[in-house]
Amino acid sequence: MDYRILGRTGLKVGTIALGCEGFMHKTQEEVKANFDFAIANGINFVDIYSSNPDLRSNIGAALDRRREGFVIQGHLCTAWENGQYLRTRDVRKTLDSFELQLKQLRTDYLDIGMIHYVDTEADFHEVFDGELIRIVCRLRDAGHIRHIGMSSHNPVVARMAVETRLVDVLMFSINPAYDLQPPGDNVDALWADESYARTLQNIDPERERLYELCERMGVGIDVMKVYGGGDLLSEDNSPFGRAITPVQAIEYALSRPGVAAVMVGCKSIEEIRTALGWCEATPAEKDYTSVLAGLEKFSWKGHCMYCGHCAPCSVGIDIASVNKFYNLTTAEDGVPETIREHYKLLSHHASECIACGACESRCPFDVRITESMKRATKRFGY
C-alpha cells in the first residue's frame with residue numbers, strides 16, 4: 001500500500017480507500033470479512049456517507065477493537081427517516097443523526113466530519129452562512145470530529161468552501177470524463193450522454209484550478225466516482241468509446257494535484273483486490289494515456305497530464321513535477337514558500353533543460369515542453 005498525508009490534517013491514509021456503497025445490504029459477517037481483507041492489505045480509510053443504521057452498525061462491529069488504526073470519514077447532514085436516507089440541512093436532525101452515528105460506529109469521534117453533498121451556491125450559503133457551520137465547528141472544537149470536510153461535484157462551490165479555510169478535506173468526483181465538463185448545479189449532467197455528444201477539449205479550467213488550490217492550501221482531496229459509476233470500465237458505456245481499467249482510472253485520479261486517496265465502492269473482496277491491483281501495477285498497466293490519446297471528439301492536446309511519458313529526460317529533470325509546481329504558482333502573485341521549497345528539493349531544475357526535444361517526441365499530448373521549462377525557469381529563477 002502507498003500512503004499519503006491527507007493535506008493539512010496530518011492523517012496518513014492509504015491511497016486505496018473504501019466507499020461504503022459496496023457494504024449496503026450485506027450481513028454483519030460479510031462486512032467484517034470485507035474489512036478483514038481490506039485491513040490485512042493495508043487499507044485504513046473509509047467514507048460513510050449513508051445514514052443507513054444497519055450499514056453503520058455493521059461497519060462499527062467490523063472496526064471494533066481496531067478503531068484507532070483506522071481513519072473514519074463520516075457524513076454530517078444525513079439522516080434516516082421512514083426507512084430511507086435523507087439529506088438534510090435541519091440542525092436538530094443533523095445533530096441527532098451524528099450522535100447516533102457515533103454510537104453505531106462504536107466510537108466517540110470521527111476523524112473527518114464531512115458536510116454532505118453541497119453542489120449549489122444557494123446551498124453553500126445556507127450551510128456556511130447559517131447555524132450549520134457553527135454547529136460543525138463546535139463539534140470540531142469539542143473533539144467529536146477532528147477535521148471538517150465537505151463533499152461536492154461542483155468545482156465552483158467546492159472552491160468557495162476551500163476558500164473559507166474551514167474545510168480541511170474535500171471529497172470530489174474525479175475521472176477523465178468528468179474533468180472535461182464545465183461546472184454546474186445539475187450534477188446529472190456529469191452522467192448524461194448528451195454532455196459528451198459535442199467535442200470537448202482539455203480539463204475544465206475550474207476543475208484544474210480547484211485541484212491546484214487544494215494542493216496550495218493543504219486541503220486533502222479524497223476521490224469519489226473514480227470509475228464514473230462503472231461507465232468508464234465499459235467500452236459500450238464509456239463516453240470515450242473505449243474502456244478504461246480500474247488501475248488506469250485510479251492512476252488518473254491519484255496524479256491530480258491535491259489528491260491523497262481514492263474511495264472505491266467495492267461490492268466484494270474481489271473488487272477490493274482489483275482496486276488494490278494499483279499498488280503492484282507496472283507503469284504500463286497504470287498508463288491511462290493509451291485510452292485518452294488520439295480520441296476524435298476529446299482532446300488534451302498541449303496540456304500536461306502529469307503522465308510521465310516525457311521521461312527519461314536527457315539531463316534528469318522530473319518534467320511532470322516541474323510542470324506541476326509551475327502550474328501551482330500561476331494563480332499567485334508570487335511563488336508560495338511551500339511550492340518554492342518543493343521545487344528546490346528536485347534533483348534537477350528547469351534551467352538545466354538543453355532543449356534536445358527528446359521529451360516532446362514522447363509526449364502523447366503534444367505539450368511544448370521546452371517552452372514550459374523556459375517558463376518555469378523564469379518563474380522560479382533557476
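1. Let's start with C77, which sits in the loop between β5 (71–76) and β6 (78–81). In this predicted model, C77 has a positive phi of about 70° even though it is not a glycine. C77 is also buried, as its relative accessible area is 1%, and the cut-off for that label is under 20%.

2. Y306 makes a good companion case. Here too phi is positive in a residue other than glycine, with a value near 60°. Y306 belongs to the loop between β14 and α12. With a relative accessible area of 11%, Y306 is buried.

3. While you are in that loop, have a look at the peptide bond between A311 and P312: it is cis, with omega about 0°. P312 is found in the loop between β14 (298–299) and α12.

4. Next, helix α4, which covers residues 121–128. Which of its residues are buried? They are D123, F124, V127 and F128. Viewed down the axis of α4, these buried residues fall within an arc of 115°, so they line one face of the helix. The spacing is worth recalling here: an α-helix has 3.6 residues a turn, so residues three or four places apart point the same way. As for what covers the buried residues of α4, the list includes the strands β7 (84–87), β8 (110–115) and β9 (145–152), along with the helices α5 (131–141) and α6 (155–163).

5. That brings us to α6 and its packing against helix α7 (residues 205–217), at an angle of about 20° and with the axes 9 Å apart. Because angles under 35 degrees count as roughly parallel, α6 is roughly parallel to α7. The crossing of α6 past α7 is left-handed. On the α6 side the contact is made by P155, V156, A158, R159, V162 and E163, and on the α7 side by E206, R207, L210, L213, C214 and M217. Sorted by class, this contact between α6 and α7 has 8 nonpolar and 4 charged residues, with no polar ones.

6. Helix α7 also packs against α12, here at an angle of about 90° and again with the axes 9 Å apart. This makes α7 roughly perpendicular to α12. From α7 the contact takes E212, E215 and R216, and from α12 it takes K324, N327 and L328. The class count for α7 with α12 is 4 charged, 1 polar and 1 nonpolar residue.

7. How do the axes of α12 and α13 cross, and at roughly what angle? The axes of α12 (residues 319–329) and α13 (residues 337–344) come within 10 Å and cross at roughly 165°. That angle makes α12 roughly antiparallel to α13, and the crossing of α12 past α13 is left-handed. The contact is made by V322, F325, L328 and T329 from α12, together with I339, H342 and Y343 from α13. By class, the contact of α12 with α13 has 5 nonpolar and 2 polar residues, and no charged ones. Notice L328 of α12: this residue takes part in the contact with α13 and also in the contact with α7.

8. Two partly exposed residues are worth a look as well. T274 lies in helix α9 (residues 269–280) and counts as partly exposed at 34% relative accessibility. Not counting residues up to four places away in sequence, T274 touches P246 and V247. If you want a distance to check, the C-alpha atoms of T274 and I339 are separated by 34 Å, and the two residues are 65 apart along the chain. I339 is one of the α13 residues in the contact with α12.

9. Last comes D231, placed in the loop between β12 (220–224) and α8 (246–254). Is D231 buried or partly exposed? At 28% relative accessibility, D231 counts as partly exposed. Leaving aside its neighbours within four places in sequence, D231 is in contact with N237 and S238. D231 and A311 lie 31 Å apart, C-alpha to C-alpha, with their positions 80 residues apart in sequence. A311 is the residue joined to P312 by the cis peptide bond.

How values were computed:
Residues are numbered from 1 along each chain as its sequence is written. This is a predicted model: local features need pLDDT of at least 70, side-chain atom pairs count only at pLDDT 80 or more; totals for chains, interfaces and linings use all residues. Side-chain values use heavy atoms; hydrogens and water are left out. Axes are lines fitted to C-alpha atoms, for helices over the stretch in contact, and angles run from 0 to 180 degrees between N-to-C directions. Helices (H or I, at least four residues) and strands (E, at least two) are DSSP runs, numbered from the N terminus. Angles under 35 degrees count as roughly parallel, over 145 as roughly antiparallel, 65 to 115 as roughly perpendicular and the rest as oblique. A crossing is left-handed if the near helix is turned anticlockwise from the far one by less than a right angle, and right-handed if clockwise. Contact means heavy atoms within 4.5 Å. Ala, Val, Leu, Ile, Met, Phe, Trp, Tyr, Cys and Pro count as nonpolar, Asp, Glu, Lys and Arg as charged, and the others, Gly among them, as polar. Buried means under 20% relative accessible area, exposed over 50%, partly exposed in between (1.4 Å probe, protein chains only). The arc is that of the directions from the helix axis to the C-beta atoms.
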